[in-house]
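Biologist: I should be grateful for a close look at a single part of this model, together with an account of the elements around that part. Please give the answer as one connected description.

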Amino acid sequence: ITTEDSIGYLNRLTNQFYDEKKNVSFFYLDSFDVNWKSPAESCQHHLKELVSIKKILNNDTLVVVDDSPIIGYLQQSIKIEKSLDLIPFGPVPSPAISGKGSLIHEYAIQTGAKLLFSNYQTGWIGFN
């Protein structure tokens, strides 16, 4: 399955699940390699995948996107030698989700979905 085919596939799968009134508890989105120097294409693709499955998601459906760690601005720690601290929000933007999940996170904020975790994969619930 190609990355472009994944959206069509998810649309067909979603329609089948919707028609059969099946519940979905978990979706893992990882169909498009991220280019860390220019992640826009993979971010857009994963947002399209999320939108294609949205009608079969319920409040408890966990949606996880690979390659989506939190990023933030760091400075040398004044308390712990050879360590870094997060620069306080204000002079710099607050931490955000990066990689494939960045647009999905913006969408989550706007729709009230809840961020559950973010390591290298990031997960949310409540996209319906």
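Modeller: The residue chosen is Ser 118, which lies in strand 7, a strand made of residues 114–118. The model is a predicted one, and every value below is computed from it.

Ser 118 has a relative accessible area of 18%. Because buried means under 20% relative accessible area, Ser 118 is classed as buried. Two polar partners are found for its side chain. One is the side chain of Thr 122, with which the side chain of Ser 118 makes a polar contact at 2.7 Å. The other is the backbone of Ser 68, whose oxygen lies 3.3 Å from a polar atom of the Ser 118 side chain. Ser 68 appears again in the list of residues that Ser 118 touches, along with Pro 69, Ile 70 and Ile 97; residues up to four places away in sequence are not counted there.

The next level is the sheet. Strand 7 belongs to an open sheet of four strands, ordered 1-2-8-7 and with mixed pairing. Strand 7 is one of the edge strands, the other being strand 1 (26–29), and each of these pairs on one side only. On average, neighbouring strands of this sheet are turned by 20° against each other, direction ignored. Within the sheet, strand 2 (residues 62–65) pairs with strand 8 (residues 122–125) in the antiparallel sense, over three bridges. Val 64, for example, has Gly 123 in strand 8 as its bridge partner.

Two helices lie across strands of the sheet. Helix 3 lies across strand 1, strand 2, strand 7 and strand 8, and runs at about 25° to strand 8; the strand that holds Ser 118 is therefore among those that helix 3 lies across. Helix 2 lies across strand 1 and strand 2, with a direction at about 160° to strand 1.

The helices also pack against each other. Two packed helices are described by the angle between their axes and the distance between the axes. For helix 2 (residues 40–53) and helix 3 (residues 102–111), the angle is about 45° and the axes are 7 Å apart, which makes helix 2 oblique to helix 3. By class, this contact has six nonpolar, three polar and no charged residues. Helix 2 contributes Cys 43, Gln 44, His 46, Leu 47 and Leu 50, which meet Ser 102, Leu 103, Ile 104 and Tyr 107 in helix 3.

Methods. Residues numbered from 1 in each chain as written. Predicted model: local features only at pLDDT ≥ 70, side-chain atom pairs only at ≥ 80, totals over all residues. Heavy atoms only, no water. Buried < 20%, exposed > 50% of the residue type's maximum accessible area, 1.4 Å probe, protein only. Polar contact = N/O pair within 3.5 Å; in protein donor to acceptor, adjacent residues only side chain to side chain. Contact = heavy atoms within 4.5 Å. Axes fitted to C-alpha atoms, helices over the stretch in contact; angles between N-to-C directions. Parallel < 35°, antiparallel > 145°, perpendicular 65-115°, else oblique. Nonpolar A, V, L, I, M, F, W, Y, C, P; charged D, E, K, R; others polar. Pairing = 2+ DSSP bridges.
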